[in-house]
Amino acid sequence: MVKDYTVAMEEFLKLCEESGDSAYNAFKAILEKLENPSTRSETRVFLASLQRRFESKESSLKCFSDYHFRIHDVLLANEEGQNRKKLTMMEIPSIFIPEDWSFTFYEGINRHPDSIFRDKTVAELGCGNGWISIALAEKWCPSKVYGLDINPRAIKVAWINLYLNALDENGLPIYDQDKKTLLDRVEFHESDLLAYCRDHSIILDRIVGCIPQILNPNPEAMSKMITENASEEFLYSLSNYCALQGFFEDQFGLGLIARAVEEGIEVIQPMGFMIFNIGGRPGQAVCKRLFERRGFRITKLWQTKVIQAADTDISALVEIEKNSHHRFEFFMGLAGDQPICARTAWAYGKAGGRISHSLSVYSCELRQPNQVKKIFDFLKNGFQEVSGALDLSFDDDSVADEKIPFLAYLASILKENSSFPYEPPAGSTRFRNLIASFMRIYHHIPLDINNVVVFPSRAVAIENALRLFSPRLAIVDEHLTGHLPKQWLTSLAIEGNESTEDMLTVLQAPRQSDLLIELIKKLKPQVVVTGMAKFEVITSSSFEQLLEATREIGCRLFLDISDHLELSSLPAINGVLKYLAGNILPPHAAILCGLVKNQVYSDLEVAFVISEEENLFSALSKTVELLQGHTAVSSQYYYGCLFHELLAFQLADRHPPAQREPAKETSMKMIGFASSAMSTLNDPELSTPLPPIDKNNSGPNDPVIIHMDMDQNCLPTPSAVRAAIFESFARQNMTDAETDVGPGIRDLISSKYGLPLTGPSEIIYADSPLALFTKLVLCCIQEGGTLCIPFGSNGNYILTAKFLKANVSTIPTLPDNGFKLTENILKGFLPGVKRPWVYLSGPTVNPTGSIYTKEEIEGVLSICSTDGARLVMDTSFSGLEWKRETWGGWDLGKVGSELCLSVLGGLSFDVLTRGLDFGFLVLNNADVIELFHGFPGLSQPHGTVRYAVKKLLDMREHKAEVLAEAVAEHKKTLESRAAKLREALCFGRKGKSFSSSADSKTLERCGWDVVDCHGGVSMVAKPSAYIGKPLMLNKFHEETCLTESNIREAILKTTGLSINSASWTGIPAHCRFTMALEENEFKQALERIQNFKEIVLGS
């Protein structure tokens, strides 16, 4: 018996007639009955009767206007595989009404094969009344479809529509081929884009979306709270308009799409894809780029034209055109083929004309999904502002194959590490291990990290090697001499057999091996640096002949294989490497390789030298430490990533190394290291090796060295710096203006030191301040000058000068003013000094942490000007002055312009650019500028580094809060650590401390006399209580008496703490302690200071 619903229907319609809100509430009650299994069937029958009441199209439209709802059928394509030809759908005024926009979208989805959704987990964004989610589930039988919409009323209506189509008109379930109903396959949830899936850890196979792409003309309207009780007009507007999303694409109205895509990357399976309906109003190129720059390959499934919806106001697009050069694309009617701009379209529409726009359905799939996911995981963790610069669009897949994995690796480094760790001068341990592994796996050469030294560039490696040996005569491949000093290439001092070490002559030679060997036999050089012709490297015979020719005369050979090393999974035959697979590299030979071949970053270079002689490996490593400091980490990261990609899929040790033939003994004595090199390379404070810790003295069980002997800032790298680093590599097609750091450096010099750069001034850049200092020392030598360095200066800089054979004279300083150079001391020192070049570290002195006041520095500059001294002002250790009463800036404009002044600097303290290897040098004297350019072999900072540095300098100039706060935090940390370190040194007994007013005898009893520091990253202290004390340093219990010269070694061997001794600081008996360590390392350092006290002085 069929139940009569007439009365119930009239009551229901009466409720609906009152208002749209009343109709919505009436259907909410209907939904509650549908959700209840006991009333579900009867309610579905009621809805069928309601639909029949308004069955015709005219009555359906009247129902919508009179009763604020309608139930009607949506016709689906009549095609094979479609189980039903129509869906039954309900609509209310406050939700999106399906029209051409969504029908075109469904047509585009239909172009996919059936298998694309079968048994997949799918989300539809902007589901509205749910018809596409339901149609998709009905046709393709996915495992689950999540229909998502921000409009709460849309979700309620979508659930009603789901019941309308999951049950027939008699209220009975409709089963599909898998014996499931639509209720098993579809869910609807209120969600801001993919928030529901993210919050519930739902991983999706497919994401489809048909969401708004026009900015609301009334931005304030979008800030309202979205609830089901909001006005119908506001809720309906959510279907047509979007708010600003903070994305680059906002300017085209595509910000919501951009956010949906980036959220989708987080929750989609690696092999999943997304399908979006994109209006062509911004232009096809803009629409495609939205996806491509985020790492997607796109396929256009469908394109047509649709009439611009009459209820959508395009005035926001007119406003965008008014404020930018962009022009949107509209057409006059559906037949028009010439685009018109938004302004013209708006006017034409107002005049009664019909305007249209193209509508495309794009299918998008990530080209390297796991890597792209890592990149966007990094961006969403506090680096969202960088996303506007990200560009993962590529015309060449080989470029994508390099850049995307590198960006993913860089993103993981920047996300997982709050600071950049200390790396040895020989190069990153990871990078050297990757090079050795590549040689081992691909070329069967059994190398390890102690056979590989990393250099900033091939030119630097060659110059360092020549300075290391300082040969009387070197023969260098004519292709490799472009960056060598001019004096070497013009000298003719080749007579005689003894090396003077002061007259290094370089002769250029052809690359062809037979001609080169003839020169070697005739001229008997002490060092040969050469490459090989392409045809000669196919076999090993030419290499063997070079080895033999140089071995016979005791000549060092550096063979450059840069042009022949292929970073490929199938490298070409290389005779040199083939030889090394079966023969140990002779001690007189080394292999040089500059890595410059990459698909992405032109001129990004790093080089390495392979040597199987331990002494040469150690010496070359120390030349990096002395002359460059270290190699840029970004270059090592990039090429390390290329090596890693080639090694990641290889099985370890699958091919055991073949037995290698021993190297032949050299018949003549080889040239050794230059005497100046020997005296500095043997300095115990260079490249601290891992010592055997004496466990008989209660030292730590963990042998890891803690470095309090470095100049690096290992405090947490601010997010602004990490963002700048990532952005610099993510960008494409940077302009010269975007990498011009000159204005920022000028502003820094002017604002901090009051030095306007006028006259014959020039700014020179390098990978590090030390590399620039090296060239300044060479200028001093070339001029016949004397390098005057105060006691209490950076010990590595003094070693650098000695390595380069400079005439060094030390200036005594006094403890009563923190070992600063004073006007009176300099006045008494300079007379009689030949052509003085005065080196001064300031405003903050490294290593003491003292600060020069404005008056003090003006006095020093005045004396230099009066006596005609050239002044090298090293500011590279300044920028973290925490005692404001001692530092308020300088104003050196007048006095600074009256003398020859070279300002050396870096930015690792000023704008905390740890991880960005950068140094600058400002020269204000034409003669020095000319001298400097005679030494061309500088390794320049790459464009990516300059981009990031410029960005940070701009932030500093505009006093960006995020950077200023980070600098302030570093200062606060260092001031706190200075106090803790002072306490550990002076009051080292556990559980007991002494007030700062304790007398000197008390401090002496407690261990160290500390010099007050007011800035920088280090302090100095005198081990007063330890000198003369006995210490057992080995298992034989041989007693050693502690002295100024062995205190460093004693601390290192007993605790694993590496500091600098008095020989490094230049201050009698005073050691240097660096404070800018990673937090846990600093705590361990304090513990080890305490351990040493207990070992020597007792607990």
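Buried means under 20% relative accessible area. Keep that cut-off in your pocket for the views below, which all come from a predicted model.

**View 1. Two tyrosines, Tyr601 and Tyr638, meet edge-to-face.** Start with Tyr638, which has 0% relative accessibility and therefore counts as buried. Its partner Tyr601 comes in at 6%, so Tyr601 is buried too. The two ring centres are 5.2 Å apart, and the planes make an angle of 80 degrees. Now look at where each ring comes from: Tyr638 belongs to helix α24, while Tyr601 is in the loop between β16 (589-595) and β17 (606-610). That puts the partners 37 residues apart, and the pair links distant parts of the chain.

**View 2. Zoom out a little and five rings form a cluster.** Tyr601 and Tyr638 are joined here by Phe406, Tyr639 and Phe729, all linked through ring pairs. Across the model, the count of aromatic pairs comes to 39.

**View 3. Phe469 and Phe673 make a tilted pair.** How far apart are the centres of these two rings? The distance is 5.4 Å, and the planes sit at 45 degrees. An angle under 30 degrees would count as stacked and one over 60 as edge-to-face, so this pair lands in the tilted group. Phe469 is in helix α18 (residues 458-469), whereas Phe673 is in the loop between α24 (633-647) and α25 (675-681). Because the partners are 204 residues apart in sequence, the pair ties together parts of the chain that you might not expect to find side by side in a list of residues. Is Phe469 buried or exposed? With 2% relative accessibility, Phe469 counts as buried.

**View 4. Two charged side chains sit over tyrosine rings.** In one spot, the charged end of Arg153 is placed over the ring of Tyr24, 4.5 Å from the ring's centre. In another, Lys820 lies over the face of Tyr852, and here the distance to the ring centre is 5.9 Å.

**View 5. A cis peptide bond joins Gly842 and Pro843.** Check the omega angle here: it is about 5 degrees. To find Pro843, go to the loop between β22 (836-841) and α31 (854-867).

**View 6. Ser201 and Arg835 have positive phi angles without being glycines.** Ser201 has a phi of about 50 degrees, and for Arg835 the value is near 45 degrees. Both are loop residues: Ser201 lies between α9 (195-199) and β6 (204-209), and Arg835 between α30 (823-829) and β22. Is Ser201 buried or exposed? Its relative accessible area is 61%, so Ser201 is exposed.

**View 7. Three strands line up in an open sheet.** What is the order of the strands? It runs β26-β27-β31, with antiparallel pairing. The edge strands, β26 (1009-1010) and β31 (1071-1074), each pair on one side only. Two bridges join β26 to β27 (residues 1018-1022). For a closer look, pick Asp1009 and follow it across to its bridge partner in β27, Lys1022.

**View 8. A stretch from the UniProt record covers residues 119-164.** The unreviewed entry labels this part "domain: Methyltransferase". In the model, the stretch is 50% helix and 24% strand, and its end C-alpha atoms are 23 Å apart.

Note on methods: Residues are numbered from 1 along each chain as its sequence is written. This is a predicted model: local features need pLDDT of at least 70, side-chain atom pairs count only at pLDDT 80 or more; totals for chains, interfaces and linings use all residues. Side-chain values use heavy atoms; hydrogens and water are left out. Helices (H or I, at least four residues) and strands (E, at least two) are DSSP runs, numbered from the N terminus. Buried means under 20% relative accessible area, exposed over 50%, partly exposed in between (1.4 Å probe, protein chains only). UniProt positions are given in the numbering used here, feature names are shortened, and annotations may be inferred rather than shown by experiment. Two strands pair if DSSP finds at least two bridges between them. Rings of Phe, Tyr and Trp (its six-membered ring) pair if their centres lie within 6.5 Å; planes under 30 degrees apart count as stacked, over 60 as edge-to-face and the rest as tilted. A charge sits over a ring if NZ of Lys or CZ of Arg is within 6 Å of the ring centre and within 35 degrees of the ring normal.
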